[in-house]
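This report walks through one protein model, place by place. Please keep the sequence and the 3D view open while reading.

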Amino acid sequence: MNGAQQIVATLKQQGVEQVFGYPGGAIMPLYDALYDGGVKHMLTRHEQGAAMAAVGYARAGATSGIKVGVCIATSGPGATNLVTGLAEAQLDSIPLIAITGQVAQPVIGTDAFQEVDVLGMSLSVTKHSFMVTDVKELKRTIEQAFEIATSGRPGPVLIDVPKDVQLAEVEESLAYLAAASAPVEPTAELIGQAKQLIASAKQPIVYVGGGVGMANAVTELREFLNYSKIPSVSTLKGIGAITEEQPYYLGMLGMHGTKAANLSVQETDLLVVIGARFDDRVTGKLDEFAPNAKVIHLDADASEFGKRRTPDVALDSDLKLTLPKLHCQTEIDIWQEKVAKRKHDFAWRYDHPGGHIFAPAMLSDLSKMVDKNTVVACDVGQHQMWVAQHMQFDGPENHLSSAGLGTMGFGLPAAIGAQFARPNDTVINVSGDGSFMMNVQELTTIKRAKLPVKMLLIDNNRLGMVRQWQNLFFDGRFSETILDDNPDFVKMASAFDIPGETISNKVDVHAALQRMLDSKGPYLLHVLIDAEENVWPLVPPGVANDKMMEDC
């Protein structure tokens, strides 16, 4: 076989069934091998779409045996178009393999047609990057890439393969022999210190991040919370790890977190941080975040310890193994009563005046209408925060949102990837009119693959989140955020054989949502909302989380 055929064979050996990509000159040998190589390929209409689809595929399929997402692109612009997807996977810790073609080795460094130093370009947005210069190293490199992408803290790995390596014949290949390593477990001494802090705390809070889902430790987390009865909060990426049935779960914390979550975190005397990294959107003003709290930090990535907050106890660990060892009794009845009352007193209200559609109420309604296996893939903006605030999820694999990078255009290709990963589950892309246009070409992918992806497009003729900040912090100077020249979205969808409808009155919401969910194929529900609607609460930049702005 040649190098390209060996790539396909090695992907199959790694359990890969589906890849996403876009062909071109330097990757053409691999596409020839894919033609009858036994690995399914989905043509997206932009390389960024391929990367985001692979991210959605890995995230939605994390609990159903899918290890990684794989995307493929050619050299030059193909590879550069993948970079945003690599950064997305890096910041949200998603196991991703990106295979790029490169110009043949004899012309590397000559500014050959479509030559870019993708290896150098990718170093800051990948967990590791390779360029394969010897076809005998190809199999070993791919196997090593899969181990790197999936071990410890997951992340993206790039493999750049010159065209001559893809075409070279290979008779003998070198397999990668990984050294067997036991899962990381903290010492009994550290476990004892952590349990002592938990047992002595009077106002503890568990702060849950996306690492719980990536470690497949949701069951262990829920058992820990059920045993200890410690109140809990989550980050954007941690949503779904704790269900609303948990009586002391206070919702998301941070810039657009719930009032109950932010106030309680500011009062806590112990933060048990599980798979989270003290992101600036979570902490607000860092030196005023949970100012009286001691910290227990559990994470698979020890480099996160002390990066922004120095822990009293750091547990570099496999969460599935460590969480059961932290079970201990607590005496926090007064604190539990306080946070439960706070949760009740600050519960969301949906009695919005007027006849126009109130997006939070609509999303709350949608959440009650779908089954627990429904996947929601968001874009970025006001609608993203409304989904996080007002929808409920049974697992983190059902809530796909660009957390660390905040990538507009993420939602539609991520939904496509999720639908490939879970063909029998409902997948909904919730988007805004700005984000939707970023990767709108992927409507062709939906048509080509006959995917039943539902699209809920919330349209305020604005770049809503930027407009909100311009209104609050830039004296209402609305620079380049008015989108009143939007296309007719329903007509545009119809060009891709996707049916849809537009609604603008709240009395039509429930029936329209039902029609969307009942559709056997793809469907676009275009929802017009008030251009002046804002996301509340909001923690302004540079202040502590208890100084929230509310509906002003």
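Leaving aside neighbours within four places in sequence, which residues is Q468 in contact with? The model is a predicted one, and in it Q468 is in contact with Q382, N534, V535, W536 and L538.

**Around Q468**

Q468 sits in helix α20, which covers residues 464-473. Its relative accessible area is 0%. Because buried means under 20% relative accessible area, Q468 counts as buried. One of its contacts joins two side chains: the side chain of Q468 makes a polar contact with that of Q382, at 3.0 Å.

W536, another of the residues in contact with Q468, takes part in a cis peptide bond with P537. The omega angle of this bond is about -5°. P537 lies in the segment after strand β18 (523-528). As background, most peptide bonds are trans.

**Helix α1**

Helix α1 runs over residues 3-13. Which of its residues are buried? They are G3, A4, Q6, I7, V8, T10 and L11. An α-helix has 3.6 residues a turn, so residues three or four places apart point the same way. The buried residues of α1 pack against several elements: the helices α2 (28-34), α6 and α7 (163-167), and the strands β4 (96-102) and β6.

At the start of α1, a side-chain oxygen of N2 comes to within 3.2 Å of the backbone nitrogen of A4. After the helix comes G15, with a positive phi near 85°.

**The loop with G155**

The elements α6 and β6, which meet the buried residues of α1, are also the two ends of a loop. G155 is found in this loop, between α6 (138-150) and β6 (156-162). Is G155 buried or exposed? G155 is buried, with a relative accessible area of 0%. Not counting residues up to four places away in sequence, G155 touches S93, I94, P95, L96, K127 and A149. The C-alpha atoms of G155 and A403 are separated by 14 Å, while the two residues are 248 places apart along the chain.

**Positive phi outside glycine**

Most residues other than glycine have a negative phi. Two residues of this model that are not glycines have a positive value, and both are in loops; the table lists them.

| Residue | Phi | Loop between | Relative accessible area |
|---|---|---|---|
| K229 | near 60° | α10 (218-228) and β8 (232-234) | 37%, partly exposed |
| F278 | about 55° | β10 (270-274) and α12 (280-283) | 1%, buried |

K229 is partly exposed because its 37% falls between the limits of 20% and 50%. F278, at 1%, is buried.

**The cavity**

How many cavities of 30 Å³ or more are counted? The count is 1. The largest cavity has a volume of about 140 Å³. Its lining has 13 residues, and R59, G213, M214, P396 and E397 lie nearest its centre. Helix α9 (211-214) and strand β14 (399-400) each supply at least two residues of this lining. By class, the lining is made up of 5 nonpolar, 5 polar and 3 charged residues.

**The second largest pocket**

The second largest pocket holds about 780 Å³ of space. Its lining has 35 residues, of which E244, Q389, H390, M391 and Q392 lie nearest the centre. At least two lining residues come from each of β9 (249-252), α15 (359-369) and α16 (382-390). Which element gives the largest share of this lining? Strand β9 does, with 4 residues. The lining divides into 15 nonpolar, 13 polar and 7 charged residues.

**Cysteines**

A disulfide is a covalent bond between the sulfur atoms of two cysteines. How many disulfides are counted in this model? The count comes to 0 disulfides. Two cysteines can still be looked up in the structure. C71 is buried, at 0% relative accessible area, and C378 is likewise buried, at 0%.

Definitions and conventions. Residues numbered from 1 in each chain as written. Predicted model: local features only at pLDDT ≥ 70, side-chain atom pairs only at ≥ 80, totals over all residues. Heavy atoms only, no water. Disulfide = S-S within 2.5 Å. Buried < 20%, exposed > 50% of the residue type's maximum accessible area, 1.4 Å probe, protein only. 1 Å grid on protein atoms, 1.4 Å probe; cavity = no way out; pocket = protein on both sides within 12 Å on 5 of 7 lines; lining within 4 Å. Points joined across faces, edges and corners; volume = space filled by probe spheres on them. Nonpolar A, V, L, I, M, F, W, Y, C, P; charged D, E, K, R; others polar. Contact = heavy atoms within 4.5 Å. Polar contact = N/O pair within 3.5 Å; in protein donor to acceptor, adjacent residues only side chain to side chain.
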